[in-house]
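User: Could you take a close look at one part of this protein for me? I'd like to understand the salt bridges and how they sit in the fold.

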Amino acid sequence: MAIQDLKTTIEVSLNETNAIGANGTTVGADFDTAAYLTVTFALMCTAYTDGTHTLTLDESDDDVTYTAVPAAKLIGSLPAITSVTAALEVIDTVGVFSNMRYIRPSIVSTGVTTGATVQIVQLAGLERMPS
């Protein structure tokens, strides 16, 4: 039974969409978490041919110098799109407990000859109230 409203407590936005046709790293948009208490990223695929496409997350205090988010700060594991997950149309998510202001998602693609169209969606919630 749903007795609380989720719609007004989260903001859902497309961070990155890219047709990936080669091995490499596709860097998403920096996300400023200052206005939110929670953030989750979803990885999904609309067109898959081959390769493994793995979500990575970096964090920063200054939006200039980024380092990988340590596994201890993740809620779940970093998702990857493979032939299995693409066939099942899986949308996988990972949450982040970060004490740094900025989070930047990226997609690392390996084993690609023709690739996939991959999207990163960010869900930010529990907006901070002005003080």
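Analyst: Arg104 and Asp58 are both buried, and their side chains meet in a salt bridge, 3.9 Å from N to O. Keep in mind that this is a predicted model. Arg104 lies in strand E10 and Asp58 in strand E5 (residues 52-60), so this pair ties together parts that are 46 residues apart in sequence.

Strand E5 has another residue to look at: Glu59 forms a salt bridge with Lys73, and their closest N and O atoms are 3.0 Å apart. Here Glu59 sits in strand E5, while Lys73 is in the loop between strand E6 (67-68) and strand E7 (74-75), 14 residues away. Glu59 and Lys73 are buried too.

Now let's turn to Asp32 and Arg101, whose side chains meet in a salt bridge of 2.7 Å, N to O. Asp32 belongs to strand E3 (residues 31-32) and Arg101 to the loop between strand E9 (92-96) and strand E10 (102-110), so the bridge ties together parts that are 69 residues apart in sequence. How buried or exposed are these two partners? Asp32 counts as partly exposed because its relative accessibility is 30%, which falls between the 20% limit for buried and the 50% limit for exposed. Arg101 is likewise partly exposed, with a relative accessible area of 38%.

Altogether, the count comes to three salt bridges in this model.

Note on methods:
Residues are numbered from 1 along each chain as its sequence is written. This is a predicted model: local features need pLDDT of at least 70, side-chain atom pairs count only at pLDDT 80 or more; totals for chains, interfaces and linings use all residues. Side-chain values use heavy atoms; hydrogens and water are left out. A salt bridge is a side-chain nitrogen of Lys or Arg within 4 Å of a carboxyl oxygen of Asp or Glu. Helices (H or I, at least four residues) and strands (E, at least two) are DSSP runs, numbered from the N terminus. Buried means under 20% relative accessible area, exposed over 50%, partly exposed in between (1.4 Å probe, protein chains only).
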